[in-house]
Amino acid sequence: MPDYTIIEDIRARKVFDSRGNPTVEVEIYTRGGGVGRVSAPAGASTGKWEVIAYPPGGVDEALKILKDEIAPRLIGMDSEKQEEIDAILKEIDGSPRLSHIGGNTAYAISIANALAAASSYDLPLFMYLGGRNARYMPYPVGNILGGGKHAGAGCPDIQEFLSIPLGAKNFMEAAQANILAHKNLRNILERENIPFFGGKGDEGAWAPAVSDDKAFEYVAEAIEKTSDEIGFEVRFGVDVASSSFWREEEDVYFYKHGGKKLTTGEQIDFIVDKIKSYRLIYVEDPLHEEDFEGFRELTSKVRGCFIVGDDLFVTNIERLKKGVSLGAANALIIKPNQVGTISDTIATVEYAHENLYTTVFSHRSGETESVVLAHLAVGLRCPFVKLGVVGGERIAKINELIRIEEYLGSEARMAKVRFR
Ligand code: PGA
Ligand code: ZN
């Protein structure tokens, strides 16, 4: 039927994310009975160059704009024309960083639209987006110990200590490895005489009051034990999220543990030392979000480690182009609500892959039960997916990847991992 994918109705409402903050949820219905429902996530350590999440009046104002200005323009359009729909969102917004309609409004509409189109054909979103090529399962990057802006004041300055099950033969095994690493780490933390009462940060990682150096030791032990028990290679990574503790006026990284201040050169040496000592395979945002030159220097100094830009690139193709031209980083985080629409997200992912930058599709610290992230990671062929290890809103996405792997059956493969 020709009008199967025409948008018939758009509904939206306020719901809550995993931190209990209000967020926007959008539903799009097509004439062929397709439905797409998406709610937007939210960051805590948001990048300076991300789009603006909401208009000044928050979710309520976003919902009003959606009803009065956006829905009337989109109803009657073809949901398959994703780029046209995304262009209209940007045109209605009219600002450089989506501050009129809100980046989260754009995100929810854009992805709900893709879902509605897929659902009109009875296709899972990952297949609608990626076709026959969408059969590579991403390696899950699992946050097992957390600090920074995701946890309490006594926790490490470094935001995330990550388990990466690189030796897994399938996604199920990979997910099991991260869960085991999380459990093993709990036992190690309980054995030590530290203030630890089972508390977790926003993403479900353990949040003990320990220094960064101690956190490195405990996590290394947990990961080694996990590798031994599960029988394949599990590697160690970190998200430093260093913009959170970079002091612009002094141009230093301030670690509240030990009260140490590191200059850019010292920060690079500190990171290189950790990469060597712990065979880190992944270091995200080791330098602050304006320091392309520092990223270039660090990237040139290490081999066999992903230097990942999150706040540096904010899923923005122009910022990525600058990084590629300099050789700053060799991998990047993909978070669609940093940039707003799925079309812009796809453009950034494709540009990254053409330039051999490795993509890591990622959750936000504030998440909802929405599982679209799992589909986008497979559909866009990202070799890694960062989505936490435990907690309802995290496990929902892991379980959806398990379903995708089952759906693919013997066609499923683990992603190919290579360094630029
Ligand atoms: P977020 O941070 O709080 O902005 O979601 C997650 C991250 O830095 O990767
Ligand atoms: Zn990050």
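Helix H7 passes helix H8 in a right-handed crossing, a crossing being right-handed if the near helix is turned clockwise from the far one by less than a right angle and left-handed if anticlockwise. The structure is a predicted model, in which local features need pLDDT of at least 70 and side-chain atom pairs count only at pLDDT 80 or more, whereas totals for chains, interfaces and linings use all residues. Residues are numbered from 1 along each chain as its sequence is written, chains are lettered from A and ligands numbered from 1 in the order in which they are written, and side-chain values use heavy atoms, with hydrogens and water left out.

The axes of H7 (residues 264–278) and H8 (residues 292–301), helices being DSSP runs of H or I with at least four residues and strands E runs with at least two, numbered from the N terminus, come within 11 Å and cross at roughly 30°. These axes are lines fitted to C-alpha atoms, for helices over the stretch in contact, with angles from 0 to 180 degrees between N-to-C directions. H7 is therefore roughly parallel to H8, the term applying to angles under 35 degrees. Ile268, Asp269, Ile271 and Val272 of H7 make the contact with Gly294, Glu297, Leu298 and Lys301 of H8, where contact means heavy atoms within 4.5 Å.

The zinc ion (ligand 2) has as its protein donors Asp239 (OD), Glu284 (OE) and Asp310 (OD), which lie 2.0 to 2.2 Å from it. Donors are N, O and S atoms within 2.8 Å of the metal (3.2 Å for Na, K and Ca), and sites may look incomplete because water is not among the atoms. Along the chain, the donors of this zinc ion follow the spacing D-x44-E-x25-D. Asp239 belongs to strand E7 (residues 235–239) and Glu284 to strand E11 (residues 282–284), so the pair ties together parts that are 45 residues apart in sequence. Both Asp239 and Glu284 are buried, that is, under 20% relative accessible area, with exposed meaning over 50% and partly exposed in between (1.4 Å probe, protein chains only).

Two residues other than glycine were found with a positive phi, Asp122 having a value near 60° and Thr315 likewise a value near 60°. Asp122, in the loop between helix H3 (103–120) and helix H4 (125–130), is exposed, with a relative accessible area of 70%. Thr315, by contrast, lies in the loop between strand E12 (306–309) and helix H9 (317–326) and is buried at 0% relative accessibility.

How values were computed. Parallel < 35°, antiparallel > 145°, perpendicular 65-115°, else oblique.
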